[in-house]
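This report deals with pockets, cysteines and paired strands. Look at the sequence and the structure first, then read on.

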Amino acid sequence: LTLGHLRGARARAQETGSLSNMQQHVYAFASYNTDFDEFMPCFIDPHVPRVFKFPEAQITVYYMDCVSWWNLALWDRYSTLDPFADHFTAPAELEADHALLPWMRDWPRLFASYYYSRTFLADPEYWTLDGRRGRSQYRAVRTTEVVYPSAKGFLLERWSYNQGHTMVPLAFVDGSVRREQREALHPGLPDGAGDPDIGPTEHRNVPSLHTINGVRGRDLR
């Protein structure tokens, strides 16, 4: 086998592993929905950050930071692994980090590398160009409010998107996990989350995170 073949095989294995990780998370979110009357996770007070204490670290999380810290809220009830387990990280990202910084093999990864859509943390009007009024619109959102379940993503693999890959893995509200053409995805709201605690444009234009019209919108063109 050539080096190119080996790299291709490794990339395919990483993609398969990432989709498998996401499928596990889909099951966890579905269990949460069942337990909490179809609501999606929304576990931080909009006005007061929540402090998570673990032997490895103490972490302060603001409301809209749930995008990368949802693992801290779900792991103990819906996962058999700890909140810093490898399955919260895309295999390609994990391998790249270990290659760049070998000491990270023994250091806990405190956040998930699968972005959780912020559209499930605020009223759909908050995600419009002229309907955003502020934190008064922050609230938990039910999956029953989603208009296009097969076209509304709630988890997106950060590594593939940030590396500019043509295909990006997403988990959709209908329970499917699949890779979609980057060009087939709508960009998010230009102003991003609009939260002063994290910066008004953080992660702006990232598909699924700040979908125009929120859960009433769609991420696929």
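Two strands count as paired if DSSP finds at least two bridges between them. The model discussed here is predicted.

**Strands**

β5 and strand β6 (residues 177–181) meet this condition, since they pair in the antiparallel sense over five bridges. Within this pair, Val 168 stands opposite Glu 180 in β6. The hairpin of β5 and β6 has four residues between the strands, and Gly 175 takes a positive phi near 95° there. β5 also pairs with strand β4 (residues 153–157), in the antiparallel sense and over three bridges. Here Leu 155 stands opposite Ala 171 in β5. Because five of the six residues of β5 are buried, β5 is largely enclosed by the rest of the structure. As background, side chains in a regular strand alternate between the two faces of the sheet.

**Pockets**

The largest pocket holds about 210 Å³ of space. Its lining has 16 residues, and those closest to the centre are Ala 11, Gln 14, Glu 15, Ala 92 and His 165. Elements that give two or more residues to this lining are α1 (3–35), α3 (91–100), α4 (158–162) and β5 (167–172). The strand β5 described above is thus one of the elements that line this pocket.

The second largest pocket has a volume of about 180 Å³. Among the residues that line the second largest pocket are Tyr 32, Phe 36, Phe 43, Arg 50, Trp 75 and Asp 76. Two or more lining residues come from each of β1 (50–53) and α2 (66–78).

The table sets out the element that gives most to each lining and the kinds of residue found there.

| Pocket | Element giving the most | Kinds of lining residue |
|---|---|---|
| Largest | α1, six residues | seven nonpolar, four polar, five charged |
| Second largest | α2, seven residues | nine nonpolar, no polar, three charged |

**Cysteines**

How many disulfides does the structure hold? The structure holds zero disulfides. Why is there no bond between Cys 42 and Cys 66? A disulfide requires a pair of cysteine sulfur atoms within 2.5 Å. The cysteine sulfur closest to that of Cys 42 is in Cys 66, at 6.4 Å, so the two are too far apart for a bond. Seen from the other side, the nearest cysteine sulfur to Cys 66 is that of Cys 42, and Cys 66 is in no disulfide. Cys 66 is buried, with a relative accessible area of 0%.

Key. Residues numbered from 1 in each chain as written. Predicted model: local features only at pLDDT ≥ 70, side-chain atom pairs only at ≥ 80, totals over all residues. Heavy atoms only, no water. 1 Å grid on protein atoms, 1.4 Å probe; cavity = no way out; pocket = protein on both sides within 12 Å on 5 of 7 lines; lining within 4 Å. Points joined across faces, edges and corners; volume = space filled by probe spheres on them. Nonpolar A, V, L, I, M, F, W, Y, C, P; charged D, E, K, R; others polar. Buried < 20%, exposed > 50% of the residue type's maximum accessible area, 1.4 Å probe, protein only.
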